[in-house]
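Biologist: Please take a close look at one part of this model, the largest pocket, and then add a short note on a sheet. Give me the cut-offs as you go.

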Amino acid sequence: MSTRKFAAIATGMTLALTLAACGGGGAGTTDDEQPAGDDTAAEDTEGGLIGVSMPTQVSERWIADGDAVKAGLEEAGYEVDLQYAGDDIPTQSQQIDQMITKGAKLLIIAAIDGTALAGQLDAAAAAGIPVIAYDRLIRDSENVDFYVTFDNYNVGVQQATALLVGLGLLDAEGNEVADAPAGPFNIEVFAGSLDDNNAHFFFDGAMETLKPYLDDGTLVIKSGQAEIEQVATLRWAGETAQKRMEDLLTSSYSDGTQVQGVLSPNDTLARGIITALQNAGYTEMPPITGQDAEIASVKLIADGVQFSTIFKDTRKLADQSVAAAQDFLAGEEPEANDTETYDNGVKVVPSYLLESDIVYADNIEALLVESGYWTAEEIAAGQADG
């Protein structure tokens, strides 16, 4: 195995079949698993209010997350206060304060800014309310009890691998192509919001995978912008990514050269990048990566416009959150499969990590349609039903 193949896949890249790997027990127990005769535990896991705080309704991904968590908790017998904060930090803080005042037994929080909720978490701890960080780690507080997310470093590895596949340097299994083009390829890289802890994991996983190709000159970041502080996108805003791509085209590609690949950390940014390239006259897109399998981007992939996305099955993320909530409210510790990686600056937060998949045009059916995540009709329309 070559060193570059090793860099692309040995850090834990998962391609096909990882949905099956995510199945099984997971964190927490169900009501059916309560010990016989233990009525107290059953009573503790039924009823009561749980606060669920999601960052925004602009992204269909977060709408799906909120709906899935709410449905799972209600099915388990809880009342749910689900709030979206419109990507506004003071609004999210106020909403969580209100959840605590209402007497929530537990909080599930996907933070807008992972460093901005210390006061709310202090209040939750004082009231004996467990806090589950949902997909985004809450930093700088000892009062984060559990973290449910995906293997975020590996998501970055997968994104970089997809870019290398798109450039013809690797095949879909992560193997180097014997007659691969020599390059150099002009690429640009984007990152998510610096206040989102996951953005750093995505970027690190991607850049470490691309590093051998950058070092030997196969890949060239023509703008020279390769540090996360230079390429970050505040609040994951698609219009910000579009503007940065437009600026890059003006500053670095006015000599007639072309962008030949773009590392985009999610689908919203990818669509902004695509718009910038289309406005600049690109009729055929270079390989552009993504994340979240948003329906608009899945259609773009099916149509040959966007190259790839990362499928993080949020139904499984919601299930893990519900299971962890049930454990906490039964007086038990949720099952963690990672107790080393996620240091929030004050403590290492026990975590449950799920696996993800790379989606290309040729596996949309297998990964997204057959799993029931999207229907073929939704993909053809580029819009979710309802």
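The answer below takes the pocket before the sheet.

Modeller: This is a predicted model, in which local features need pLDDT of at least 70 and side-chain atom pairs count only at pLDDT 80 or more, while totals for chains, interfaces and linings use all residues. Residues are numbered from 1 along each chain as its sequence is written, and side-chain values use heavy atoms, with hydrogens and water left out.

The largest pocket (an open set of points on a 1 Å grid over the protein atoms alone, where a 1.4 Å probe fits, with protein on both sides within 12 Å along at least five of seven lines) has a volume of about 440 Å³, the space filled by probe spheres set on the points. It is lined by 27 residues, each with an atom within 4 Å of a point. Closest to the centre are Ser-59, Trp-62, Arg-235, Trp-236 and Asn-266. Two or more lining residues come from each of the helices H4 (60-75), H8 (197-215), H10 (238-252) and H11 (267-279); helices are DSSP runs of H or I with at least four residues, strands runs of E with at least two. H4 gives the largest share, 3 residues. By type, the lining holds 13 charged (Asp, Glu, Lys, Arg), 8 polar and 6 nonpolar residues.

As for the sheet, 6 strands form an open one with parallel pairing, in the order S2-S1-S3-S4-S5-S10; strands pair if DSSP finds at least two bridges between them. Strands S2 (79-84) and S10 (351-354) are at the edges with a single partner strand each, so one side of each has no neighbour in the sheet. S2 runs parallel to S1 (residues 49-54), joined by 6 bridges, and Ile-50 stands opposite Val-80 in S2.
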